[in-house]
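Got the viewer open? Here's a short tour, one selection at a time.

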Amino acid sequence: MADWMSLKWLLWISLYLVLGVFVPWATSLAWAHQHGSNLRPRPKQLFERGELGLIGLVLGISVIWDLLRSQYMPQTIALGSVLLAVSGTMAGTVWIETYCRQSTGVSNNPERAWRDSRNLAFLVFSMAIVIEILLERFAKVAAS
Amino acid sequence: MSAPAPALALAPAPRRTVTVRLADAAFTVAFLSLIFGLLLVFFPVSFGQIIQASWQHGNLTVALMVITLTVDAGLYIRIAYRLSAKPTVLAATCLGSLPILVAVGVSFCLQGAVDFTLAGDLPNLQGRVGEEILAQTYLGLVSGIFLPFLALRLLQQFKATRSNRETVSPSRNTAPVKY
């Protein structure tokens with residue numbers, strides 16, 4: 001049976017989703033309302049320069065920190081940290097690449113930047129969820 | 001004599017090769033990762049026991065190899081089909097060898113972690129070993145699918161950059177600059 005009391009990771013990940021995705025979107029709507037503008041950006045328009053990749057990178061860093069503080073063996077910590085760092089870096093690279101393309105006038109496809117950053121951020125989010133579940137399980141085993 | 005225009009129009013266009021984007025692999029890995037997480041939440045004991053039993057019988061590494069190779073091949077064929085593009089030898093080499101190397105590497109890593117755990121004077125050794133196996137299985141699964149595509153993407157980018165450089169400055173190879 002599932003242990004619903006240990007679903008702290010759900011609250012933790014939703015904090016990132018709310019503060020990293022929903023709040024910026026709501027802020028843009030509030031700004032438009034305050035200035036009497038017709039601007040109604042969708043999340044896709046707001047994050048079309050690959051900003052989701054940057055959020056993914058920040059999330060990856062926090063999970064690496066949790067892994068480093070865990071009681072897992074060094075091999076597991078190293079493997080998990082490297083994998084998260086690589087995924088997070090690739091997610092963040094989408095944002096950097098889009099910025100460089102826009103700044104230098106090289107052809108840029110916002111649709112592709114949005115899709116790449118969304119998928120890579122989804123990867124980092126899902127990895128973060130599973131690793132937090134594993135950390136929670138390990139903490140219980142180590143405490144017993 | 002130049003070819004007539006209709007003949008040129010009817011000539012089959014050369015099929016371009018598959019260009020892998022990391023986002024294609026990322027979505028599949030993320031989806032599999034979520035399934036792994038759901039199994040952990042809904043079957044916390046039995047799922048862990050299945051993986052531990054598999055490791056004890058020596059089947060875990062082989063299972064990892066089979067799963068990652070199948071997913072990688074399926075993903076690559078799907079991308080090729082969607083783009084109507086031709087698979088390359090480079091991709092076949094990468095996707096055929098890297099999942100096996102990753103699975104073997106993870107199994108060594110897991111063995112090291114288990115030995116390290118058993119050598120330490122720690123409470124609840126069996127539980128700790130079980131959790132190490134579970135964590136390394138998950139990390140092996142993700143890296144076995146994602147890393148070959150990452151390597152392939154970087155190799156393709158490297159090749160593209162090199163050919164671009166050669167196209168932009170062909171004089172480098174033909175006429176050396178005299179000072």
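We'll take the chains one by one, then go to where they meet. Keep in mind that this is a predicted model.

**Stop 1: chain A.** Select chain A and color it by secondary structure. You'll find 5 helices and 0 strands, so the run along the sequence reads α-α-α-α-α under the helix and strand assignment used here. Line the view up with the principal axes and the C-alpha atoms of chain A fill a box of roughly 60 × 35 × 25 Å. Chain A has 144 residues, and 39% of them count as buried. Now think about contacts with a separation of 6 or more: in chain A, 77% of those link residues 24 or more positions apart.

**Stop 2: chain B.** Switch the selection over to chain B. Here there are 7 helices and 0 strands, and from the N terminus the order is α-α-α-α-α-α-α. Of the 179 residues in chain B, 31% are buried. Among contacts with a separation of 6 or more, residues 24 or more positions apart account for 81% in chain B.

**Stop 3: where the chains touch.** Show both chains and pick out the contact residues: 28 from chain A meet 33 from chain B. On the chain A side, helix 4 (74-104) and helix 5 each supply at least two residues. Which helix of chain A gives the largest share? That's helix 5, with 16 residues. By class, the chain A side has 18 nonpolar, 6 polar and 4 charged residues.

**Stop 4: one helix pair across the interface.** Select residues 110-143 of chain A, which is helix 5, and residues 22-42 of chain B, which is helix 2. Their axes are 8 Å apart and pack at an angle of about 25 degrees. Angles under 35 degrees count as roughly parallel, so helix 5 of chain A is roughly parallel to helix 2 of chain B. Rotate to look through the pair and you'll see helix 5 of chain A pass helix 2 of chain B in a left-handed crossing.

Now turn on side chains. From helix 5 of chain A, the contact includes A:Arg115, A:Asp116, A:Asn119, A:Leu123, A:Met127 and A:Ile133. From helix 2 of chain B, look for residues including B:Leu22, B:Phe27, B:Ser33, B:Phe36, B:Gly37 and B:Val41. What classes do the residues of this contact divide into? They come out as 17 nonpolar, 4 polar and 2 charged.

Notes. Residues numbered from 1 in each chain as written. Chains lettered and ligands numbered in written order. Predicted model: local features only at pLDDT ≥ 70, side-chain atom pairs only at ≥ 80, totals over all residues. Axes fitted to C-alpha atoms, helices over the stretch in contact; angles between N-to-C directions. Helix = DSSP H or I, 4+ residues; strand = E, 2+ residues; numbered from the N terminus. Parallel < 35°, antiparallel > 145°, perpendicular 65-115°, else oblique. Left-handed = near helix turned anticlockwise from the far one by under 90°. Contact = placed C-beta atoms within 7 Å. Nonpolar A, V, L, I, M, F, W, Y, C, P; charged D, E, K, R; others polar. Buried ≥ 20, exposed ≤ 12 C-beta atoms within 10 Å, placed from the backbone.
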